[in-house]
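Visitor: I'm new to reading protein structures, so could you walk me through this one? I'd like to ask questions as we go.

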Amino acid sequence: MTQPHLYRTEAVVLRHLDYGEADRILTLYTPQHGKVRAIAKGVRRPTSRLGGHLELATHAHLLIAHGRNLGIITQAETVHAFLGLREDLLRTSLACAVAELLDRLTPEESPSPPIFDLLIHTLDRLATTRQPELAARFFEVQLLGLSGYRPELHECLSCRTALGPSGNTFSAAAGGVLCPLCGRHQADGRALTTNAFKVLRLLQSGDYPTVSRLRLDETLAREVELTFRSYILYVAEANLRSAAFVDAVRARSAEC
Ligand SMILES: [Zn+2]
C-alpha cells in the first residue's frame with residue numbers, strides 16, 4: 001500500500017457541514033488549489049486537536065492527505081481567526097455572504113491566488129473597519145471582475161459610447177450599464193442615480209483606501225447594494241445553470 005500523498009496549504013473555511021457522529025465536511029478556499037472539499041474527522045469532539053482552527057471564515061495552515069473522494073485534514077493551525085467577525089452579527093452575516101458568494105461563483109480546483117488575497121483582505125476589513133458594508137461591496141465587484149463577470153461601467157453596452165454621469169440604466173442581463181437612450185428599451189433596466197454610478201465605478205477601480213473614506217447615506221448604500229445584488233443573482237444563476245448543463249452532458253456521454 002502506498003502512503004497517501006500529503007500537501008500543506010493555507011485555506012479559508014467557506015462552508016461546513018456536520019457529518020456522522022463527530023466529523024465535519026468543509027469547503028475550503030486555498031491559494032494554489034482553489035476551492036477544495038475536505039473532511040475533518042472527529043473535529044466536533046471537545047478533545048480534537050483540529051477544533052477551533054476550522055471555524056467558518058478562519059484562515060488556517062492545513063496539512064491535507066488526498067483521500068478517495070475528499071481530502072482528509074490531518075493538521076490545522078489558525079493563522080488569523082478574525083475575531084472582530086465573531087463579536088458582531090452584521091459583520092458575521094457579511095462574512096457568511098462573502099464566503100457563500102465565493103463558493104457559488106468558483107468551480108472546484110480552479111486556483112486564483114488574487115482571489116485568495118482578496119478574500120483574506122476582505123475578512124480582515126470586515127472584522128475591523130467601521131464600514132463593513134462598503135468592504136463587502138468592494139469584495140463583490142472585485143470578485144466579479146476576477147471571476148470573468150466584470151460589469152461594464154464605462155461604455156454603453158448597446159451603442160458603445162462613453163457613459164456620462166447621469167441618466168444611465170443598469171441591466172443585469174446586459175452585463176452592466178446602458179446610456180440614457182439605449183437604457184429606455186432595456187426590459188430589466190434599473191435607473192441608476194449619478195451618485196450610485198460614481199460609487200460603482202470607484203468600487204471597481206480597486207482603490208480601497210478611497211472607498212473606505214466614502215460616507216454613503218442609507219438610500220445610496222441601499223441602491224448600490226441592490227444593483228449588485230441583481231447582477232450577482234443573475235450571474236450566479238447563469239453559473240449554476242451552465243454547471244448543471246455540463247453535468248447533464250457528461251452524464252449523457254458516460255451512458256454512450
Ligand atoms: Zn447607448
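Guide: Sure, and keep in mind that this is a predicted model. Let's begin with one cysteine. At 17% relative accessibility, cysteine 182 falls under the 20% cut-off, so this residue counts as buried.

Visitor: Is cysteine 179 buried or exposed?
Guide: The same kind of reasoning works here. Cysteine 179 has a relative accessible area of 9%. The limit is 20%, and a residue under that limit gets the label, so cysteine 179 is buried.

Visitor: And what does cysteine 96 count as, at 34% relative accessibility?
Guide: This time the value is not under 20%, and it isn't over 50% either. Residues in between get their own label, so cysteine 96 counts as partly exposed.

Visitor: With cysteines around, how many disulfides are there?
Guide: For a disulfide, two cysteine sulfur atoms must lie within 2.5 Å of each other. Going by that rule, the count is 0 disulfides.

Visitor: Which residues are the protein donors of the zinc ion?
Guide: Look for atoms lying 2.3 Å from the zinc ion. Each donor atom is an SG. Along the chain, the donors follow the spacing C-x2-C-x19-C-x2-C. The residues are Cys156, Cys159, Cys179 and Cys182.

Visitor: What geometry does the site of the zinc ion have?
Guide: There are 4 donor atoms, and the angles among them run from 102 to 114 degrees. Four donors get the label if all angles lie between 85 and 135 degrees, so the site is tetrahedral.

Visitor: Let's zoom out. How many helices and strands does the protein have?
Guide: The protein has 256 residues, and buried ones make up 45% of them. Its C-alpha trace spans about 70 × 55 × 25 Å along the principal axes. The secondary structure comes to 8 helices and 8 strands.

Visitor: In what order do the strands of the closed barrel run?
Guide: The barrel has 5 strands, and their pairing is mixed. From one strand to the next, the twist averages 50 degrees. Going around the barrel, the order is β1-β2-β3-β5-β4.

Visitor: Which strands does helix α2 touch?
Guide: Helix α2 covers residues 89–105 and packs on the sheet. Its direction makes about 105 degrees with that of β1. The strands that α2 touches are β1, β2 and β3.

Visitor: What angle does the direction of helix α3 make with that of β1?
Guide: Helix α3, residues 113–128, packs on the sheet as well. This helix touches β1, β2, β4 and β5. Its direction and that of β1 make an angle of about 60 degrees.

Visitor: Back to the strands: how many bridges join β1 to β2?
Guide: Strand β1 spans residues 6–19 and β2 spans residues 23–30, and the two run antiparallel. They form a hairpin with 3 residues between them, and glycine 20 in the turn has a positive phi of about 60 degrees. One of the pairs is histidine 16 with its bridge partner in β2, leucine 26. The number of bridges is 7.

Visitor: Which residue in β3 is the bridge partner of leucine 26?
Guide: β2 and β3 pair in the antiparallel sense over 7 bridges. These two strands also form a hairpin, with 3 residues between them. The partner of leucine 26 in β3 is alanine 38.

Visitor: How many of the 8 residues of β2 are buried?
Guide: In a regular strand, side chains alternate between the two faces of the sheet. For β2, Asp23, Ile25, Thr27 and Tyr29 are buried on one side, and Arg24, Leu26, Leu28 and Thr30 on the other. Both faces are covered. The strand is largely enclosed by the rest of the structure, because the buried count is 8 of 8.

Visitor: How far apart in space are serine 110 and glutamine 32?
Guide: Serine 110 sits in the loop between α2 and α3, and its contacts include Tyr29, His33 and Gly34. Serine 110 and glutamine 32 are 78 residues apart in sequence. In space, C-alpha to C-alpha, the distance is 8.7 Å.

Note on methods: Residues are numbered from 1 along each chain as its sequence is written. This is a predicted model: local features need pLDDT of at least 70, side-chain atom pairs count only at pLDDT 80 or more; totals for chains, interfaces and linings use all residues. Side-chain values use heavy atoms; hydrogens and water are left out. Buried means under 20% relative accessible area, exposed over 50%, partly exposed in between (1.4 Å probe, protein chains only). Donors are N, O and S atoms within 2.8 Å of the metal (3.2 Å for Na, K and Ca); water is not among the atoms, so sites may look incomplete. Four donors count as tetrahedral if all angles lie between 85 and 135 degrees; four count as square planar and six as octahedral if opposite donors are over 155 degrees apart and all others between 65 and 115; anything else is irregular. Two strands pair if DSSP finds at least two bridges between them. Helices (H or I, at least four residues) and strands (E, at least two) are DSSP runs, numbered from the N terminus. Axes are lines fitted to C-alpha atoms, for helices over the stretch in contact, and angles run from 0 to 180 degrees between N-to-C directions. Contact means heavy atoms within 4.5 Å. Lists of a residue's contacts leave out its neighbours within four places in sequence.
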